[in-house]
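Reader: Before I rely on any label in your description, could you take me through the reasoning behind it?

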Amino acid sequence: MKTNKRKQRKRILAAGLSALMAGFLFLCTAVLMPAGAEPVSAAGQQEFIVGFDAEFPPYGYMDEDGSYVGFDLDLAEEVCRRNNWKLVKRPISWDAKDSELDTGSISCIWNGFTMNGREKDYTWSTPYVDNSQVVIVKKDSGIAALSDLKDKVLVVQSDSSALAALTGEDATDENKALAASLKELQQVGDYNAAIMNLESGMVDAVGMDIGVAAYQIKGKEDSLVMLEEHISSEEYGIGFKRGNKELRDKVQKTLLEMLYDGTFAAIVKKWGLEDSASLSMEDKTYIDGGTVPAVDTSALSTPAPSEAAPAEEGESGTEAADNNTSFTFTGILKKLAGGMLATLGIFLLTILFSLPLGLGIMAVRMSRFRILQWIARIYISVMRGTPLMLQLFVIFYAPYYVFGISTPYSYRFYAVIIGFSLNYAAYFAEIYRSGIQSISRGQKEAAAVMGYSRSQTFFRILFPQMVKRVLPPVTNEVITLVKDTSLAFAIAYTEMFTIARQISAAERSLMPLFIAGIFYYVFNFIVAFVMEKIERRLDYYR
């Protein structure tokens with residue numbers, strides 16, 4: 001009878017714990033989800049979700065107010081205003097842009113997106129910017145022409161137009177020869193990292209878009225210069241999912257209306273891109289069928305560029321745009337503190353779910369049934385043997401690519417928590433197993449002689465000793481988790497390190513990254529301090 005009551009109490013306790021965990025997850029979702037992550041439209045208002053790289057000034061980046069701004073975003077905002085759409089600015093991981101578009105997470109890719117070499121991969125607008133790939137070097141490097149790059153180290157952004165121009169299928173013979181003459185062609189994740197590599201002397205030159213290059217070297221003309229020779233020329237367009245001509249035509253028509261009434265020219269002037277803007281009423285490039293959507297110019301006003309939000313008087317377009325990125329030290333701290341909430345949420349929820357889950361996996365791993373043992377072994381092997389970033393990709397994109405299910409934006413948060421929890425549970429399971437197996441078998445036999453059941457033996461005798469013994473390795477894993485939270489950027493979930501990178505790109509400075517490093521250190525110091533206190537409290541045998 002007592003045994004039944006004891007089992008009933010355990011069931012009630014387990015149910016209560018499950019309800020508490022579910023409630024805590026719901027609360028954290030509501031509190032920690034970044035502002036604007038799950039947009040809500042007004043009644044009957046269509047959402048237009050722009051996917052962009054938030055580390056790509058002047059086309060898209062974060063300003064000192066924490067808002068995403070840039071040339072392309074200004075164009076998108078005006079397009080939405082004229083169509084009564086709700087604009088959603090969605091920073092994405094550039095490497096995952098195709099998956100974001102395929103799954104419907106974004107309406108288009110609008111961020112200095114190069115058409116050349118991708119003509120058949122998307123449904124395109126007509127080109128609106130003529131861009132070139134250029135090379136930046138140190139002023140005293142002795143490199144004055146592309147031929148001087150022989151036996152030098154050139155760095156480019158991964159999956160960039162510069163990389164395609166040098167190594168792609170459509171690369172010219174001259175560019176292929178140039179690439180072959182290099183000592184090394186390196187790839188980095190973003191242009192800010194490329195510039196830092198150049199300034200620190202790790203590489204000899206950087207290949208990038210001319211618009212971004214002009215932004216990056218502004219204020220650094222005494223140390224950095226742009227070569228006059230260009231690697232290649234290219235065109236920027238707006239990329240829609242293949243076949244989505246209806247949305248493309250609406251956007252294209254609106255852009256042409258903006259061109260006709262002068263709004264497009266005013267936005268170009270604001271961002272100092274007069275030399276590269278190329279939108280034309282006559283251009284039919286990339287438009288299927290060779291016809292652009294008709295624009296009824298009779299209903300439009302006479303072109304008046306000066307009336308459409310020009311730059312501040314007395315400032316050039318580049319200077320006006322550049323003033324938006326003057327972060328103060330206090331401002332950087334505030335923005336990183338906001339991202340710290342997301343980092344803290346990932347940390348706490350991963351600990352909450354992975355610790356007990358690891359205990360369950362350990363039980364399966366030590367089961368008397370071999371098939372269960374092998375299932376647990378395979379699970380642990382996969383979780384420990386593959387990168388956490390890859391696991392996040394699988395969890396986030398599998399619903400669409402495997403089951404055809406489109407997920408809402410908020411699923412990113414759940415995918416991060418699920419991915420981290422499953423990964424760390426595997427490590428904790430092996431740590432627990434080592435702790436249990438380190439306890440002498442004689443204690444189990446003694447407990448059996450005294451009449452203890454298997455569950456009583458585990459929870460009253462083995463479990464307390466196991467906790468004491470595994471606390472140091474668990475502490476190491478917990479500290480690693482603090483730093484691993486930055487991997488959430490892989491599926492475009494915005495946490496502290498992602499924000500630090502965005503601010504660093506806008507400021508062209510390492511300071512935000514150093515401040516983020518201080519945050520991580522302080523966080524880990526507190527975690528280590530708390531875990532050490534717990535370890536001392538449990539060290540009652542000394």
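Author: Gladly, with the reminder that this is a predicted model. In the small region I would begin with, Glu 55 stands opposite Tyr 61 in E3.

Reader: What makes E2 and E3 (residues 60-62) paired strands?

Author: Two strands count as paired if DSSP finds at least two bridges between them, and two bridges join E2 to E3, which run antiparallel; the requirement is therefore met.

Reader: Why are E2 (55-56) and E4 (68-69) said to stand at the edges?

Author: The three strands form an open sheet in the order E2-E3-E4, with antiparallel pairing. Strands E2 and E4 each have a single partner strand, so one side of each is left without a neighbour in the sheet.

Reader: Why is Thr 254 called buried?

Author: Buried means under 20% relative accessible area, and Thr 254 has 3%, so the term applies. Thr 254 lies in helix H8 (residues 245-261), and, not counting residues up to four places away in sequence, Thr 254 touches Val 79, Arg 82 and Asn 83.

Reader: Which residues have the most contacts inside the largest nonpolar core?

Author: They are Phe 48, Phe 71, Trp 110, Tyr 128 and Val 251, in a core of 113 residues. Helix H14 (residues 411-437) gives the most to this core, with 14 residues.

Reader: With which residues is Val 251 in contact, leaving aside neighbours within four places in sequence?

Author: Val 251 is in contact with Phe 48, Val 79, Trp 85, Trp 110, Ile 238 and Phe 240. Apart from the largest core lies another, of 17 residues, among them Val 137, Leu 149, Leu 163 and Ala 205.

How values were computed:
Residues numbered from 1 in each chain as written. Predicted model: local features only at pLDDT ≥ 70, side-chain atom pairs only at ≥ 80, totals over all residues. Heavy atoms only, no water. Core = buried A, V, L, I, M, F, W, Y, C linked by side-chain atoms within 4.5 Å. Buried < 20%, exposed > 50% of the residue type's maximum accessible area, 1.4 Å probe, protein only. Helix = DSSP H or I, 4+ residues; strand = E, 2+ residues; numbered from the N terminus. Contact = heavy atoms within 4.5 Å.
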